[in-house]
Amino acid sequence: MTALGPLARTLEALLFLSPEPVAVVDLAQAADCWPDDAEAALEELRAAYAPGARGLVLREVAGGFTLATDPVAEHAARRLLARPRTPPLTQAQSECLAIVAYLQPVSRPEIARIRGVASDSAVSTLLERGLIEESGRSQFGAVLYRTTALFQKLFGLSGLDQLPDLAAFDPSPEEEKELRERLLKAGEQRAQG
């Protein structure tokens, strides 16, 4: 199998990222090249993705190009995608997870004190999903929690030292004032609409 040229690899990445077929002119514009060059790179991709060569095929549909699964994989793809999806984290769950990630090990009472509301349900859900786990007890007997390897995998971290620096999210007084004003204005517009 011959290696793809740089432009063909770029178009391959663009097609992989796009959920919809992409027209040649749009591919050329995104790749900053001439449409003729994009068409030549698509021919290179067409050869690389010839039916039967890979699990994906290059298809020309709806006025554009898209990467699609080879029909041989259709039944397996349907089984995989038919699995129930885990719902996204709620705001409360996200807040609790952030507290555990940055302050671990941490107890439920500490999480509730930081958030200002009870967090039992959110912590229970995070435990069920395997994002946090028990890691001992505090000196007062409260269960302590820490994040799991699954948390690191889902968030693309090789270690907790890769968590974003909290100082980067600490707004200056001016930024905080501007944000507060924007939120109040948005709230007023929402109430009027």
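**Exercise 1.** In this predicted model, decide whether Thr147 is buried or exposed, and find which residues it touches beyond its neighbours within four places in sequence.

*Solution.* Start with the surface. Thr147 has a relative accessible area of 7%, and buried means under 20%, so Thr147 is buried. Next, place the residue in its element: Thr147 belongs to strand E5, residues 143-147. Finally, list the contacts. With neighbours within four places in sequence set aside, Thr147 is in contact with Leu97, Val100, Ala101, Gln104, Leu131, Ile132, Glu133 and Leu160.

**Exercise 2.** Describe the largest pocket: what is its volume, and which helix gives the largest share of its lining?

*Solution.* Take the volume to begin with: about 150 Å³. Then turn to the walls. Among the lining residues are Leu97 and Ala101, both of which also appear among the contacts of Thr147. Helix H5 (residues 91-103) supplies the largest share of the lining, with five residues. Now sort the lining by character: ten residues are nonpolar, one is polar and none is charged.

**Exercise 3.** Phe151 and Phe155 both line the largest pocket. Work out how their rings are arranged and how exposed each residue is.

*Solution.* Count the aromatic pairs: there is one. In that pair, the ring centres of Phe151 and Phe155 lie 4.8 Å apart and the planes meet at 40 degrees, so the pair is tilted. Then check accessibility. Phe151 has a relative accessible area of 4% and is buried, whereas Phe155, at 47%, is partly exposed.

**Exercise 4.** Find which residue lies over the face of Tyr49.

*Solution.* Look above the ring: Arg54 sits over the face of Tyr49, 5.0 Å from the ring centre.

Technical notes. Residues numbered from 1 in each chain as written. Predicted model: local features only at pLDDT ≥ 70, side-chain atom pairs only at ≥ 80, totals over all residues. Heavy atoms only, no water. Helix = DSSP H or I, 4+ residues; strand = E, 2+ residues; numbered from the N terminus. Buried < 20%, exposed > 50% of the residue type's maximum accessible area, 1.4 Å probe, protein only. Contact = heavy atoms within 4.5 Å. 1 Å grid on protein atoms, 1.4 Å probe; cavity = no way out; pocket = protein on both sides within 12 Å on 5 of 7 lines; lining within 4 Å. Points joined across faces, edges and corners; volume = space filled by probe spheres on them. Nonpolar A, V, L, I, M, F, W, Y, C, P; charged D, E, K, R; others polar. Phe/Tyr/Trp six-rings, centres within 6.5 Å; stacked < 30°, edge-to-face > 60°. Lys NZ or Arg CZ within 6 Å of the ring centre and 35° of its normal.
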